[in-house]
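Reader: I'd like to learn how to read a domain interface from coordinates. Can you walk me through one?

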Amino acid sequence: MTNYLDFERPLAEIEGKAEELRAMARQNSEMDIEEEAKALDKKAADMLQDLYKSLSPWRKCLVARHPDRPHCKDYIEALFNEYTPLAGDRNFADDHAVMGGLARLGDRAVMVIGHEKGFDTKSRIARNFGMARPEGYRKTIRLMDIADRFGLPVVTLVDTPGAYPGKGAEERGQSEAIARSTEKCLQLSVPVVSVIIGEGGSGGAVAFATANRVAMLEHSIYSVISPEGCASILWKDAEKMREAAEALRLTAQDLIKLGVADRTIPEPLGGAHRNRETVIADVGLAIEELLAELDGKSGKKLLEERRRKYLDLGSKGLAA
């Protein structure tokens, strides 16, 4: 069953009518409705094309948050062989919002780490909707240390609304853990490649994505704050999230121009959730190509390039 976004309601009606016709035909073999159903399919395809031809930043936010998009677990299961999960921060607990471990991408041994939101109510609660606590970032640091020690490239898959802002997380040093994770990304002498697969929210995303190469799915977003949070601060009105989304320049297309992201990975028409297998394969290919760009570079060179990349942020601009 397809989950439709608010702006897709007219499309839902047309596709629903086509399915109703086909359901009636399955119950009564004498009914000939194929021509009518095909006409509705054509109308739906044209409408889908129009809707996604030029999505506004706010609509891209909605697509990036679609519950049926492939999540970190889906990418790991489909792309990586011999995945061995590693758990815990060796200090407080294991944070299920962050998953990671040793794996192979083709013939290449890597350390893969990512945010996992969950796919139903039970798993989303268990995964805290992809919002990591301090122990999640400290687990990430531990895994990055292992990767650095054994010379393994680090691949991160980012999909989080942001770090968890709860009282317990703050008591255990949330901001310090995020800062240490970001610092660790900058200290690694191995290649680091990050892909924003959905939401890249706030410091919770930066702590994973301070990489040599950052790729973004076409309809993913990456921002210092959510549009709703920005609107609440600037205008004291969360309903101004559309204006905030425009101002934040959070789309992959804007971030390529700003130099924050290095590559956009196309999504199927209608978003990644409409053809999960294709988009997962494309992400895998992009990761392999980005890692290949970094092959042969010394640890010192990787460190210098990564440092220069982030020192240069802000040197490019967008016209207002």
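Author: Sure, we'll go through the domains, their contact and a few side-chain pairs. Keep in mind that this is a predicted model.

Reader: Where do the domains begin and end?

Author: The domain assignment gives residues 7-54 as domain 1 and residues 61-312 as domain 2. Their C-alpha centres are 37 Å apart. On the contact itself, domain 1 puts in 7 residues and domain 2 puts in 8.

Reader: How do I put a size on an interface like that?

Author: People often quote the accessible area that is lost when the parts come together. Here, domain 1 and domain 2 bury about 600 Å² between them, and 65% of that is on carbon and sulfur atoms.

Reader: Which three residues supply the most of the area that domain 1 buries?

Author: That's Phe7, Leu48 and Tyr52: together they account for 69% of what domain 1 buries against domain 2, more than any other three residues.

Reader: And how many salt bridges are there between the two domains?

Author: Just count across the boundary: you get 1 salt bridge between domain 1 and domain 2. Arg274 pairs up with Glu15, with 3.7 Å between the closest N and O atoms. For polar contacts, the rule picks out 1 residue pair across the interface, both residues at pLDDT 80 or more.

Reader: Which helices supply the domain 1 side?

Author: Helix H1 (9-27) and helix H2 (34-53) each bring at least two residues to the side that touches domain 2. The largest share, 3 residues, comes from H2. Sorted by class, that side of domain 1 has 4 nonpolar residues, 1 polar and 2 charged.

Reader: Let's move on to rings. How many aromatic pairs turn up in the whole structure?

Author: The search finds 2. Take Phe7 and Tyr52: their ring centres sit 5.9 Å apart and their planes make an angle of 55°, so this pair is tilted. The partners come from distant parts of the chain, with Phe7 in the segment before H1 and Tyr52 in helix H2, 45 residues apart.

Reader: What does Leu40 touch once its sequence neighbours are left out?

Author: Leu40 is in helix H2. Not counting residues up to four places away in sequence, Leu40 touches Ile14, Lys17, Ala18 and Leu21. For a long-range distance, try Glu246: its C-alpha atom is 34 Å from that of Leu40, and the two residues are 206 apart along the chain.

Reader: Back to charges. How many salt bridges does the structure hold?

Author: The total is 25. One of them joins the side chains of Glu77 and Lys73, at 2.7 Å from N to O.

Reader: What separates Glu77 and Lys73 along the helix?

Author: About one helical turn, because Glu77 and Lys73 are 4 residues apart in helix H4 (residues 72-79).

Key:
Residues are numbered from 1 along each chain as its sequence is written. This is a predicted model: local features need pLDDT of at least 70, side-chain atom pairs count only at pLDDT 80 or more; totals for chains, interfaces and linings use all residues. Side-chain values use heavy atoms; hydrogens and water are left out. Domain bounds come from an automatic or database domain assignment. Contact means heavy atoms within 4.5 Å. Buried area is the accessible area (1.4 Å probe) that two parts lose on being put together, summed over both. A salt bridge is a side-chain nitrogen of Lys or Arg within 4 Å of a carboxyl oxygen of Asp or Glu. A polar contact is a pair of N or O atoms within 3.5 Å; within protein, one must be able to donate a hydrogen and the other to accept it, and residues adjacent in sequence count only if both atoms are side-chain atoms. Ala, Val, Leu, Ile, Met, Phe, Trp, Tyr, Cys and Pro count as nonpolar, Asp, Glu, Lys and Arg as charged, and the others, Gly among them, as polar. Rings of Phe, Tyr and Trp (its six-membered ring) pair if their centres lie within 6.5 Å; planes under 30 degrees apart count as stacked, over 60 as edge-to-face and the rest as tilted.
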